[in-house]
Amino acid sequence: MFIEIGIKDIIDVALVALMLYYIYRLMKESRSLNVFMGIMVFVVLWLVVSQVLEMRLLGSIMDKLVSVGVLALIILFQDDIRKFLYNIGAHERVRFFKRFFSGRDKKRDQESLKQIIMPIVMACLNMSKRKVGALIVMERSMPLDDISGTGERIDANISQQLIENIFFKNSPLHDGAMVIANGRIKSAGCILPVSHDLDIPKELGLRHRAALGIAQECDCIAIVVSEETGGISVAFKSELQLRLSAEKLESILTQEMI
């Protein structure tokens with residue numbers, strides 16, 4: 001007997017493979033890869049017992065475990081699932097369709113965004129020359145209300161002088177992070193989650209780990225000015241780019257914040 005394989009079957013297999021691949025990436029980023037591999041082993045064992053060997057008793061027990069296990073996994077990985085859905089909504093093509101249906105003009109957005117970006121770039125450049133440490137988080141599609149709530153509310157227009165004053169060494173807010181949302185400085189002195197990624201170079205300090213930590217958990221851009229070297233770094237999409245020039249920083253912010 002021959003098995004008939006059509007276009008629909010190929011699409012079905014491709015979609016399942018794509019779904020498993022994204023789940024694998026999600027688990028790997030959240031340091032839960034061993035959990036994912038254990039789940040896959042259990043699913044394969046369940047299919048062999050219930051479908052291939054047709055063991056009724058053991059199969060029915062595993063069916064109950066699967067039905068309860070799905071709810072348990074949703075509760076256990078609710079933060080990772082929320083992050084995964086936010087990442088889908090923040091995808092470049094999704095953002096294009098949102099901009100298309102809302103009638104927004106990309107060129108107009110870039111012009112208004114430049115007025116927000118330039119004070120940040122110039123402030124980072126001046127702080128880099130004077131080796132003043134800074135950590136700035138720019139909100140994208142994912143609200144950062146829980147992060148901004150850990151600091152002091154500012155709610156002010158973005159200006160180069162204000163950013164430099166907040167991160168001045170004698171300022172009480174210079175050790176925390178500044179959160180920028182909706183074209184305004186929302187809060188300062190905020191506490192960020194720290195990344196425990198082992199691939200981070202050991203010479204990088206707590207600011208870089210905090211920047212990567214927030215970039216791994218939220219859809220945002222984190223800018224770091226090193227207090228030791230004056231180097232400018234950017235963390236976004238779970239990646240950390242080091243030793244950036246002012247021009248490169250402006251290019252990244254313009255491209256990723258539109």
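This tour proceeds through a predicted model, from its central sheet to its salt bridges and then to its surface and loops.

**The sheet**

Begin by selecting the strands. Seven of them, in the order β2-β4-β3-β1-β5-β6-β7, make up an open sheet of 7 strands with mixed pairing. At its edges stand β2 and β7 (239-241), each of which pairs on one side only. Neighbouring strands in this sheet are turned against each other by 20° on average, direction ignored.

**Strand β5 and its neighbours**

Next, select β5, residues 220-225. Of its 6 residues, 6 are buried, so β5 is largely enclosed by the rest of the structure. In a regular strand, side chains alternate between the two faces of the sheet. Colour the two faces of β5 separately: Cys-220, Ala-222 and Val-224 lie on one side, while Ile-221, Ile-223 and Val-225 lie on the other, and all are buried.

Add β1, residues 134-139. β1 and β5 pair in the antiparallel sense over 6 bridges. Two positions serve to check the register: Met-138 has Ile-221 of β5 as its bridge partner, and Val-137 stands opposite Ala-222 in β5.

Then bring in β6 (232-236). The pairing of β5 and β6 is also antiparallel, over 4 bridges. Ala-222 stands opposite Ala-235 in β6, and Val-137 also stands opposite Ala-222. Follow the hairpin of β5 and β6, which has 6 residues between the strands; there Gly-230 takes a positive phi near 80°.

Now display helix α9, residues 206-217. α9 packs on the sheet and touches β1, β5, β6 and β7, with its direction at about 175° to that of β5.

**Salt bridges**

The structure holds 8 salt bridges. Which residue meets the side chain of Asp-219 in a salt bridge? Selecting the pair shows Arg-140, with 2.8 Å from N to O. Asp-219 sits in the loop between α9 and β5, whereas Arg-140 sits in the loop between β1 and α7 (145-148); the pair links distant parts of the chain, 79 residues apart. Are these two side chains located in buried or exposed residues? Asp-219 is buried, at a relative accessible area of 7%, and Arg-140 also counts as buried, at 16%. For both assignments the cut-off is under 20% relative accessible area.

Move to Asp-145, which forms a salt bridge with Lys-186; the closest N and O atoms are 2.5 Å apart. Since Asp-145 belongs to helix α7 and Lys-186 to strand β4 (residues 184-190), the pair ties together parts that are 41 residues apart in sequence. Asp-145 counts as partly exposed at 46% relative accessibility, and Lys-186 is likewise partly exposed, with a relative accessible area of 21%.

Stay on β4 and select Arg-184, whose salt bridge with Asp-155 has its closest N and O atoms 2.9 Å apart. Arg-184 lies in strand β4 and Asp-155 in strand β2 (residues 152-157), so this pair ties together parts 29 residues apart in sequence. Both residues are partly exposed: Arg-184 at 30% relative accessibility and Asp-155 at 37%.

To close this part, select Arg-140, Asp-219, Lys-237 and Glu-256 together. Salt bridges that share partners join these four residues into one network.

**A nonpolar surface patch**

Turn to the surface around helix α1 (residues 7-29). Select Ile-5, Ile-7, Ile-10, Ile-11, Leu-15, Leu-18, Tyr-21 and Tyr-22, which make a nonpolar surface patch of about 840 Å². For a single representative, inspect Ile-11: this residue lies in α1 and is partly exposed, with a relative accessible area of 46%.

**Two loop residues with positive phi**

The last stops concern backbone geometry. Lys-131, in the loop between α6 (106-130) and β1, has a positive phi of about 55° although it is not a glycine. Lys-131 counts as partly exposed at 40% relative accessibility.

Finally, select Arg-243, in the loop between β7 and α10 (246-257). Arg-243 is not a glycine either, and its phi is positive at about 50°. With a relative accessible area of 70%, Arg-243 is exposed.

Note on methods. Residues numbered from 1 in each chain as written. Heavy atoms only, no water. Buried < 20%, exposed > 50% of the residue type's maximum accessible area, 1.4 Å probe, protein only. Patch = residues over 30% accessible without salt bridge, like charges linked within 9 Å, V, L, I, M, F, W, Y side chains within 5 Å. Areas by Shrake-Rupley, 256 points an atom, 1.4 Å probe, with all protein chains shown as cover. Pairing = 2+ DSSP bridges. Axes fitted to C-alpha atoms, helices over the stretch in contact; angles between N-to-C directions. Contact = heavy atoms within 4.5 Å.
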